[in-house]
Amino acid sequence: NGAVLVSSAGNHGRETMTYPAGYKEVIGVGSTNLNDVQSRFSNYGDNLITIAAPGEALITLYPGGRYAAGWGTSFSTPLVSGTVALMARIKSS
């Protein structure tokens with residue numbers, strides 16, 4: 001139906017298959033640090049990771065109207081999802 005599926009790859013720092021990121025139809029997202037190097041905690045592997053994005057010390061909203069820094073492939077994935085959405089919009093224009 002034209003949907004693009006994007007999923008975090010997991011934070012165990014291993015070459016291990018996780019789902020839904022491991023499905024061939026899904027863009028599996030890993031994490032990089034501030035030097036654009038794979039994060040130590042990011043899962044990895046050719047059959048799991050399609051792309052990586054920053055996932056360390058990202059500032060996000062926190063309960064109570066505050067902000068906090070976050071680490072993990074779950075923080076990398078929204079960056080990729082947003083990029084995919086922008087690309088899809090440009091393609092459909």
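**Figure 1. Asp36 in the loop between strand 2 and strand 3 of the predicted model.** Asp36 counts as exposed because its relative accessible area is 62%, and the cut-off for that class is over 50%. The residue belongs to the loop that leads from strand 2 to strand 3, the latter spanning residues 51-54. Its phi is near 60°, a positive value in a residue other than glycine. Most residues other than glycine have a negative phi.

**Figure 2. Ala57 in the loop between strand 3 and strand 4.** Ala57 also has a phi near 60°, again positive although the residue is not glycine. The loop that holds Ala57 precedes strand 4, which covers residues 58-62. With a relative accessibility of 35%, Ala57 is classed as partly exposed, because this value falls between the limits of 20% and 50%.

**Figure 3. The cis peptide bond between Tyr19 and Pro20.** The bond that joins Tyr19 to Pro20 is cis, with omega at about 15°. Most peptide bonds are trans. Tyr19 is located in the loop between strand 1 (5-8) and strand 2 (26-32), and Pro20 is likewise found in the loop between strand 1 and strand 2. Tyr19 counts as exposed because its relative accessibility is 52%, against a cut-off of over 50%.

**Figure 4. A nonpolar surface patch that includes Tyr19.** Met17, Tyr19 and Tyr23 make up this nonpolar patch on the surface, and together they have about 340 Å² of accessible area. For the protein, the exposed area is about 6,500 Å², of which carbon and sulfur atoms supply 55%.

**Figure 5. Phe75 in helix 1 and the residues it touches.** Phe75 is placed in helix 1, which is made up of residues 73-92. When residues up to four places away in sequence are not counted, Phe75 touches Pro54, Leu58, Thr60 and Gly70. Its C-alpha atom is separated by 8.2 Å from that of Ser31, and the two residues are 44 positions apart along the chain. Phe75 is partly exposed, its relative accessible area being 30%.

**Figure 6. The setting of the close-up views in the protein.** The protein has 1 helix and 5 strands, which follow the pattern β-β-β-β-β-α along the sequence. Of the contacts with a separation of 6 or more, 45% are between residues 24 or more positions apart, and buried residues account for 30% of the 93 residues. The C-alpha atoms fill a box of roughly 35 × 35 × 25 Å, taken along the principal axes.

Conventions: Residues numbered from 1 in each chain as written. Predicted model: local features only at pLDDT ≥ 70, side-chain atom pairs only at ≥ 80, totals over all residues. Heavy atoms only, no water. Helix = DSSP H or I, 4+ residues; strand = E, 2+ residues; numbered from the N terminus. Buried < 20%, exposed > 50% of the residue type's maximum accessible area, 1.4 Å probe, protein only. Contact = heavy atoms within 4.5 Å. Areas by Shrake-Rupley, 256 points an atom, 1.4 Å probe, with all protein chains shown as cover. Patch = residues over 30% accessible without salt bridge, like charges linked within 9 Å, V, L, I, M, F, W, Y side chains within 5 Å. Salt bridge = Lys/Arg side-chain N within 4 Å of Asp/Glu carboxyl O.
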